[in-house]
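Here are some exercises on reading a protein structure, each with a worked solution. Have a look at the model, try each task yourself, and then follow the steps.

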Amino acid sequence: MPYGQAKQILDYARQFHHFASDYFKQLSDSTEAPRMKMLLDYMSRHEDHLEQVLKDHEAGTKNKAMEAWFQFSNDCSTFKPIKDISYTDDLTPEKVFEIAAQIDECMIESYNTVINRSSNPEVREFFQNLLELEEQEKHKRARTLLGMQDM
């Protein structure tokens with residue numbers, strides 16, 4: 001089992017949100033449907049926002065907690081690559097919702113893994129806060145997406 005620092009996991013999370021934003025932007029650029037473009041642009045901006053939230057969250061944290069080392073398994077050391085989340089050319093709003101749910105679950109599972117594997121209370125508290133934030137964002141995004149679906 002490899003070892004890593006908490007800041008590496010946070011870097012993975014930021015990169016994941018960055019790649020997710022790019023993913024939705026690419027999908028938006030490839031569609032002509034106005035509603036799909038609006039939905040995908042929203043998803044891209046949302047992922048950009050989450051990436052910035054992680055940057056801000058880290059800036060307000062003690063460096064000592066981010067320097068903490070812990071052991072983790074390979075399957076938990078990185079977030080699921082965004083390229084592994086499949087989509088088809090006939091992308092529908094429902095499929096976008098499904099992709100968003102996959103992204104949310106990946107983040108939640110990854111944070112839970114860090115929390116469960118760390119013996120450092122500061123690291124657990126930091127990632128617990130991120131987990132709660134991610135769960136709030138998941139519910140917020142679901143409400144927004146449902147609202148868009150009614151349009």
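**Exercise 1: one helix crossing another**

In which kind of crossing, left-handed or right-handed, does α1 pass α2?

Solution. Keep in mind that this is a predicted model.

Step 1. Find the two helices: α1 covers residues 6–29 and α2 covers residues 34–59.

Step 2. Recall what you need to describe the pair. Two packed helices are described by the angle between their axes and the distance between the axes. Here the angle is about 165°, and the axes lie 8 Å apart.

Step 3. Name the arrangement. Angles over 145 degrees count as roughly antiparallel, so α1 is roughly antiparallel to α2.

Step 4. Look at the handedness: the crossing of α1 past α2 is left-handed.

Step 5. Sort the residues of this contact by class. There are 9 nonpolar, 5 polar and 11 charged residues where α1 meets α2.

**Exercise 2: the whole chain**

Describe the make-up of the chain, starting with its helices and strands.

Solution. Step 1. Count the elements: the chain has 6 helices and 2 strands.

Step 2. Put them in order. Starting at the N terminus, they run β-α-α-α-β-α-α-α.

Step 3. Turn to burial. Of the 151 residues in the chain, 44% are buried.

Step 4. Ask how far apart contacting residues are in sequence. Among contacts with a separation of 6 or more, 81% join residues 24 or more positions apart.

**Exercise 3: α5 and its two partners**

Compare how α5 packs with α2 and with α1, using the angles of about 15° and about 175°.

Solution. Step 1. Begin with α2 and α5, whose axes are 10 Å apart at an angle of about 15°. Angles under 35 degrees count as roughly parallel, so α2 is roughly parallel to α5.

Step 2. Check the handedness: α2 passes α5 in a right-handed crossing.

Step 3. Find the residues that touch. From α2 they include Leu39, Leu40 and Met43, and from α5 they include Val96, Phe97 and Tyr111. The contact of α2 with α5 holds 11 nonpolar residues, no polar ones and 1 charged.

Step 4. Now take α1 and α5, which pack at about 175° with their axes 11 Å apart. That angle makes α1 roughly antiparallel to α5.

Step 5. List some of the residues that meet. Among them are Phe16, Tyr23 and Phe24 in α1, and Ile99, Ile103 and Met107 in α5. By class, the contact of α1 with α5 has 13 nonpolar residues, 1 polar and no charged.

**Exercise 4: the nonpolar core**

Which elements give two or more residues to the largest nonpolar core?

Solution. Step 1. Recall the general tendency. In soluble globular proteins, nonpolar side chains tend to be buried together.

Step 2. Size up the core: the largest one has 36 residues, and Phe24, Met43, Val96 and Phe127 are among those with the most contacts inside it.

Step 3. Name the contributors. α1, α2, α5 and α6 (121–149) each give two or more residues, and α5 gives the most, with 11.

Step 4. Zoom in on Phe24. Apart from its neighbours within four places in sequence, Phe24 is in contact with Leu40, Met43, Ser44, Glu47, Val96, Ile99 and Ile103.

**Exercise 5: three residues, buried or exposed**

Place Ala65, Val53 and Glu94 as buried, partly exposed or exposed.

Solution. Step 1. Note the cut-offs: under 20% relative accessible area is buried, over 50% is exposed, and in between is partly exposed.

Step 2. Ala65, in helix α3 (residues 63–67), is buried because its relative accessibility is 2%. Beyond its neighbours within four places in sequence, Ala65 is in contact with Ala6, Glu122 and Val123.

Step 3. Val53 belongs to helix α2 and is buried because its relative accessible area is 19%. The C-alpha atoms of Val53 and Arg14 are separated by 9.1 Å, with their positions 39 residues apart along the chain.

Step 4. Glu94 lies in helix α5 (residues 93–117) and is partly exposed, because its relative accessibility is 46%. Glu94 and Leu146 are 52 residues apart in sequence, and their C-alpha atoms are 9.9 Å apart.

Key
Residues are numbered from 1 along each chain as its sequence is written. This is a predicted model: local features need pLDDT of at least 70, side-chain atom pairs count only at pLDDT 80 or more; totals for chains, interfaces and linings use all residues. Side-chain values use heavy atoms; hydrogens and water are left out. Helices (H or I, at least four residues) and strands (E, at least two) are DSSP runs, numbered from the N terminus. Buried means under 20% relative accessible area, exposed over 50%, partly exposed in between (1.4 Å probe, protein chains only). Axes are lines fitted to C-alpha atoms, for helices over the stretch in contact, and angles run from 0 to 180 degrees between N-to-C directions. Angles under 35 degrees count as roughly parallel, over 145 as roughly antiparallel, 65 to 115 as roughly perpendicular and the rest as oblique. A crossing is left-handed if the near helix is turned anticlockwise from the far one by less than a right angle, and right-handed if clockwise. Ala, Val, Leu, Ile, Met, Phe, Trp, Tyr, Cys and Pro count as nonpolar, Asp, Glu, Lys and Arg as charged, and the others, Gly among them, as polar. A nonpolar core is a set of buried Ala, Val, Leu, Ile, Met, Phe, Trp, Tyr and Cys residues joined through side-chain atoms within 4.5 Å. Contact means heavy atoms within 4.5 Å.
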